[in-house]
There are 2 protein chains.
Amino acid sequence: MGRTLTYPKRTSNTVNRYKNRATYDLGAIHSIINTTQVLHVSFSPGPSEPFPAILPMIGQMGSFDYPSAGLDEPLDCYLHGYVSSRIMNLARDSEEGLPVCVAASKVDGLILSLTPNSHSYNYRSTILQGHAKLVTDEAEKLYAMELVTNSVLSDRWAHTRVPPDRAEMSSTVILKVQIVSGSGKVRDGGVSDEKKDTGNEEVTNSVWTGVVPVWETFGEPVPSAENKVAEVPSYIKSFVAAKNEENSTYAAKAIGIKLPQEEQH
Amino acid sequence: MGRTLTYPKRTSNTVNRYKNRATYDLGAIHSIINTTQVLHVSFSPGPSEPFPAILPMIGQMGSFDYPSAGLDEPLDCYLHGYVSSRIMNLARDSEEGLPVCVAASKVDGLILSLTPNSHSYNYRSTILQGHAKLVTDEAEKLYAMELVTNSVLSDRWAHTRVPPDRAEMSSTVILKVQIVSGSGKVRDGGVSDEKKDTGNEEVTNSVWTGVVPVWETFGEPVPSAENKVAEVPSYIKSFVAAKNEENSTYAAKAIGIKLPQEEQH
C-alpha cells in the first residue's frame, strides 16, 4: 500500500546507458549515500578556473525538521569534511547555495566473463545534485554533527566527550545540500556473455568465468597507547561484526549465492 | 640519487588544510589512482546546466609512448566506463579536450578519539585535473583496454578471448586525460587528542580510543553456471590472495602495528 517517492527525471540525472540498472527511488539512493564512508563532492571553483574541483567528504542524508523521517522520504545531505576555504567561501557567498554534485559508489564484485568487453563490476552508485549552504543554526549544526559522527561508527557520539565546546562549534563547518535531483545505478547478478563466445568451445574451454565478491572489511579494533578503557566496548564490537556481516552478505547475495555459513546450517 | 617528480602547485591543486598530509609526488598520486577500483570523474555539462556532473569510471595511469614508464614518471589517465554520450560528445567536440577532475579515495581506518571533533579516518585520496580526449588510434586504444582490464584483475586480458573484434572496438570508448595538475593527501597513524581532553580523567576513563582498520576484501571466486574450466586458475587465486594481504597489511601498518600473523612468527 506504500508509495515510492522518486526523484524527477531531468536531463542532468537521467540514466541513458543500461537503463534497466537505473533507480530514481529516494530510499535506494539515500541508502547508498548513507552507507558510503567517503562521498565525492564536485563544484565549480569559479569562472577563472577551467577545471571542476572534487573534494572527498563525509556526509549523511537527514532531516533536521523531521528527524524521524525514513530513508525513502525527502532528506537533505549534510556534509562535513576537509572543507577547503574555497568551498566554504563559495557556499557562504552564494545566495541560492553553491551548485554541487555528490557521488557515492561501491564495488560489490568483479564480473569475469569470456571477453574483456563483457567484464563488469557488481556495484551500487548514485549522484545527487543540489545547492549547498553553510548551516548557521546551532541546533541544526549539532544535529548534523551527531548524524555524521554516528555514520562513522553507530552510536559513537553519545560515547564521546560531548557536547562540543565553543571553539569546536565555531571551527566545525557543516554544509547542507538541498537536493534538486538524483539517480542511482545498481548492477548485480553474474556473468553475461554474447552468443558468439558462449557458442565457441575453444573459448569456453579455456576462459574461467565467474565473480569475485568484493566488500569492505572492518578489522579488530586496536586501542591507542593512551586508551584507559580496559575492554573494547560492546557498541564498537557489534558495529564491526554487523558491518562485516552486512557487507559480505550483500556481495554474496548480489551474485545470488548463499554464503558457505548458510549452506552449512 | 633518484629524483622525485612532483606536480606543480597551482591555486586549483594546492592543499591548504593539514598541509603536512599533502603530497604532490607523481609516484604517490599515481599509485592511489591505480589501486582504486572506481574513479570519480567530474566535468561541466555546459553553460545551460548549473550543476557539475560526476561519473564513476574505471581508469588507470599509463603511457602509450613509453609503456615501461614507472608510476613516478609522467603518465596519462586512461578512462573506460559507463561513458554517457554527454561526456563523449563533449570530449569529442572540444579541441583542447574536456576539462575534467579525476578523484580517488580509500579509507584505511576509523580514528576514534575522545571527542567527535578529533575523529578522523586514515585515508589516501588524490585528485588530478586535465583535458580529456577520445582515443582514436587503434593501437593506443588496445593498449588502454588491456591496461584497464588488467587493473580489474592482474593478467586477466591474456586469459580471455582477445583481441576484441571490430564491433567491440567501435563500441568501446577510451578517454585519455592529459594531466595538468594533481595532489594527494595521506593520513596515517593513530588517535590525536587535545590536552583539554587527555588531561581530563573523567573523559579518558570513560571513552575508548583507538583505530578500527578498514580494507577492501576479495572473496573466494564463484564460478558461473556456464563456466567449463574445472579449477579456479592460479593467476586469479594469486590476485585474490595478494590483494587481501596488501590491503589488510596497509591498514595495519598505517596504525604502526604489526599484524597478529607477524607477531606469531
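Between chain B and chain A the count is six salt bridges, and I should say at once that this comes from a predicted model. One of the six can serve as an example, namely the bridge in which the side chain of Glu168(B) meets that of Lys196(A), with 3.3 Å from N to O. Beyond the salt bridges, 39 residue pairs are in polar contact across the interface of chain B and chain A, where both residues have pLDDT 80 or more. As for composition, the side of chain B that touches chain A is made up of 53 nonpolar, 29 polar and 15 charged residues.

Let me turn to the extent of the interface. Chain B contributes 97 residues to the contact, and chain A contributes 97 residues. The area buried between chain B and chain A is about 7900 Å², and 62% of that area lies on carbon and sulfur atoms.

Now to the backbone, where strand E9 of chain A, residues 222-223, pairs with strand E8 of chain B, residues 210-218, in the antiparallel sense and over two bridges. Within this region, Val222(A) has Val211(B) of E8(B) as its bridge partner.

Finally, how are the two copies related? Chain B is superposed on chain A by a rotation of 180 degrees, with 0.0 Å of shift along the axis and an RMSD of 0.0 Å, and the two copies are therefore related as by a two-fold rotation axis. The same surface serves both copies, in that 100% of the contact residues of chain B recur in chain A. Among the residues of chain B, Glu216(B) comes closest to the rotation axis, with its C-alpha at 2.2 Å.

Note on methods:
Residues numbered from 1 in each chain as written. Chains lettered and ligands numbered in written order. Predicted model: local features only at pLDDT ≥ 70, side-chain atom pairs only at ≥ 80, totals over all residues. Heavy atoms only, no water. Least-squares fit on C-alpha atoms with pLDDT ≥ 70 in both. Contact = heavy atoms within 4.5 Å. Buried area = accessible area lost by both parts, 1.4 Å probe. Salt bridge = Lys/Arg side-chain N within 4 Å of Asp/Glu carboxyl O. Polar contact = N/O pair within 3.5 Å; in protein donor to acceptor, adjacent residues only side chain to side chain. Nonpolar A, V, L, I, M, F, W, Y, C, P; charged D, E, K, R; others polar. Pairing = 2+ DSSP bridges. Helix = DSSP H or I, 4+ residues; strand = E, 2+ residues; numbered from the N terminus.
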